[in-house]
2 protein chains.
Amino acid sequence: MISKTCGYAIRAIVLLNEHPGEKLGVVQIAEQLGIPQHFLSKVLKDLAKHQLISSVKGPHGGYFSNQTTPNASLIDIIHVIDGLGVLNKCFLGKDRCSQTNPCPLHNEFEKSRQYLFEVFRNRTISQLNLSDAHNLI
Amino acid sequence: MISKTCGYAIRAIVLLNEHPGEKLGVVQIAEQLGIPQHFLSKVLKDLAKHQLISSVKGPHGGYFSNQTTPNASLIDIIHVIDGLGVLNKCFLGKDRCSQTNPCPLHNEFEKSRQYLFEVFRNRTISQLNLSDAHNLI
DNA sequence: TTAATTAAAGATAAAAGGGTCTTTTATTCT
DNA sequence: AGAATAAAAGACCCTTTTATCTTTAATTAA
């Protein structure tokens with residue numbers, strides 16, 4: 001449903017939020033999370049463009065959490081990375097799937113979608129954390 | 001989570017099951033469901049290879065439901081088309097995501113996965129039906 | 001003000017998922 | 001037997017997603 005790219009974004013922003021006041025470089029984040037460096041670079045750039053995180057270039061630069069970071073919801077991130085459309089897509093890939101023109105599993109999936117939507121809407125970054133294990137990959 | 005291809009398979013097998021004792025050609029099914037014909041052809045072939053449906057070649061041939069069709073579970077279909085691996089994949093795309101090494105949303109997602117797993121395990125083809133609407137696409 | 005550093009941006013490429021087209025094989029009917 | 005029909009099989013292509021590599025621009029420190 002949500003893309004791998006969006007998963008990268010969520011894990012990265014959670015990491016940044018766990019290090020308030022600290023600047024982390026792309027290389028650093030990528031290594032800790034096991035994400036391709038240059039690919040992550042674009043993801044972080046997008047998050048920064050939408051003010052979900054901040055960045056400074058140059059020596060001792062990097063990405064860091066700002067005021068909005070901890071209170072950002074997962075929906076905010078999904079919105080930036082995937083677009084909100086992904087949350088309504090039929091799990092069976094039926095192009096036009098709705099209450100009046102449902103796929104064979106519409107009701108079952110709807111329940112699941114609604115649950116996930118609430119999670120994405122309610123959970124903020126500050127409520128999440130990476131694994132306590134050292135292996136963040 | 002489950003592929004668009006698997007969605008095609010499920011919708012097609014439900015359609016066949018709704019026409020017991022009747023042979024339907026690929027073209028017919030593809031048109032009714034709005035699925036690319038030749039692509040669907042491969043999907044049906046795979047379902048037939050695993051005996052979830054049957055087929056006969058030649059004039060008046062086509063695909064049709066057999067004894068196992070109505071009692072097949074969604075898991076059976078997912079198994080053939082996507083492989084059961086798709087049901088365990090982390091929604092954030094984290095490569096190694098587990099209880100001991102969880103992604104930031106592991107518990108939330110686990111709940112959703114378990115619910116869907118039960119649906120896929122319990123629902124049989126005969127319990128499903130296509131939209132009553134004429135527009136099956 | 002120059003060198004070093006790091007994010008930003010852009011160009012390309014690899015991989016995966018879907019989709020199309022053509023040929024082959026089995027079956028049925030004349 | 002031959003023609004017609006429909007699934008099976010195979011080759012190929014397109015699009016999207018993910019990944020890599022290179023260049024540019026901003027910032028800092030010496």
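The legends below describe close-up views of a predicted model in which protein chains A and B lie beside DNA strands C and D.

**View 1. The protein surface near DNA strand C is supplied by both protein chains.** Of the 25 residues around this strand, those that come nearest are A:G25, A:Y63, B:Y8, B:P36 and B:P59. Sugar and phosphate account for 65% of the atoms of DNA strand C that come within 4 Å of the protein. Helix α3 and strands β1 and β2 of chain A, together with α1 and α3 of chain B, each give at least two residues to this surface, whose residues divide into nine nonpolar, ten polar and six charged.

**View 2. Polar side-chain atoms approach DNA strand C at its phosphates and at a base.** A polar side-chain atom of A:S55 lies 2.9 Å from a phosphate oxygen of the strand, and an N or O atom in the side chain of B:T5 is 3.0 Å from a phosphate oxygen of DNA strand C. For B:K42, the partner is a base oxygen, which lies 2.9 Å from a polar atom of the lysine side chain.

**View 3. DNA strand D is surrounded by 24 residues, of which the closest are A:T5, A:Y8, A:P59, B:S55 and B:Y63.** Of the strand's atoms within 4 Å of the protein, 64% belong to sugar or phosphate, and the rest to bases. A phosphate oxygen of DNA strand D lies 2.8 Å from a polar side-chain atom of A:Y8, and a phosphate oxygen is 2.9 Å from an N or O atom in the side chain of B:S55. The side chain of A:K42, by contrast, has an N or O atom 3.0 Å from a base oxygen of this strand.

**View 4. A:Y8 and A:F39 form an edge-to-face aromatic pair.** The ring centres are 5.8 Å apart, with 80° between the planes, and the pair links helix α1 to helix α3 of chain A across 31 residues. A:Y8 is buried, because its relative accessible area is 9%, whereas A:F39, at 37%, is partly exposed.

**View 5. A:F91 and A:F109 form a tilted aromatic pair.** Their centres lie 4.9 Å apart and their planes meet at 45°. A:F91 is in the loop between α4 and α5 of chain A and A:F109 is in helix α5, so the pair ties together parts that are 18 residues apart in sequence. Both residues count as buried, A:F91 at 11% relative accessibility and A:F109 at 0%. Together with B:F120 they form one aromatic cluster, and A:R113 lies over the face of A:F91, at 5.3 Å from the ring centre.

Technical notes
Residues are numbered from 1 along each chain as its sequence is written. Chains are lettered from A and ligands numbered from 1 in the order in which they are written. This is a predicted model: local features need pLDDT of at least 70, side-chain atom pairs count only at pLDDT 80 or more; totals for chains, interfaces and linings use all residues. Side-chain values use heavy atoms; hydrogens and water are left out. A residue is near a molecule or strand if one of its heavy atoms lies within 4 Å of it. A polar contact is a pair of N or O atoms within 3.5 Å; within protein, one must be able to donate a hydrogen and the other to accept it, and residues adjacent in sequence count only if both atoms are side-chain atoms. Helices (H or I, at least four residues) and strands (E, at least two) are DSSP runs, numbered from the N terminus. Ala, Val, Leu, Ile, Met, Phe, Trp, Tyr, Cys and Pro count as nonpolar, Asp, Glu, Lys and Arg as charged, and the others, Gly among them, as polar. Rings of Phe, Tyr and Trp (its six-membered ring) pair if their centres lie within 6.5 Å; planes under 30 degrees apart count as stacked, over 60 as edge-to-face and the rest as tilted. Buried means under 20% relative accessible area, exposed over 50%, partly exposed in between (1.4 Å probe, protein chains only). A charge sits over a ring if NZ of Lys or CZ of Arg is within 6 Å of the ring centre and within 35 degrees of the ring normal.
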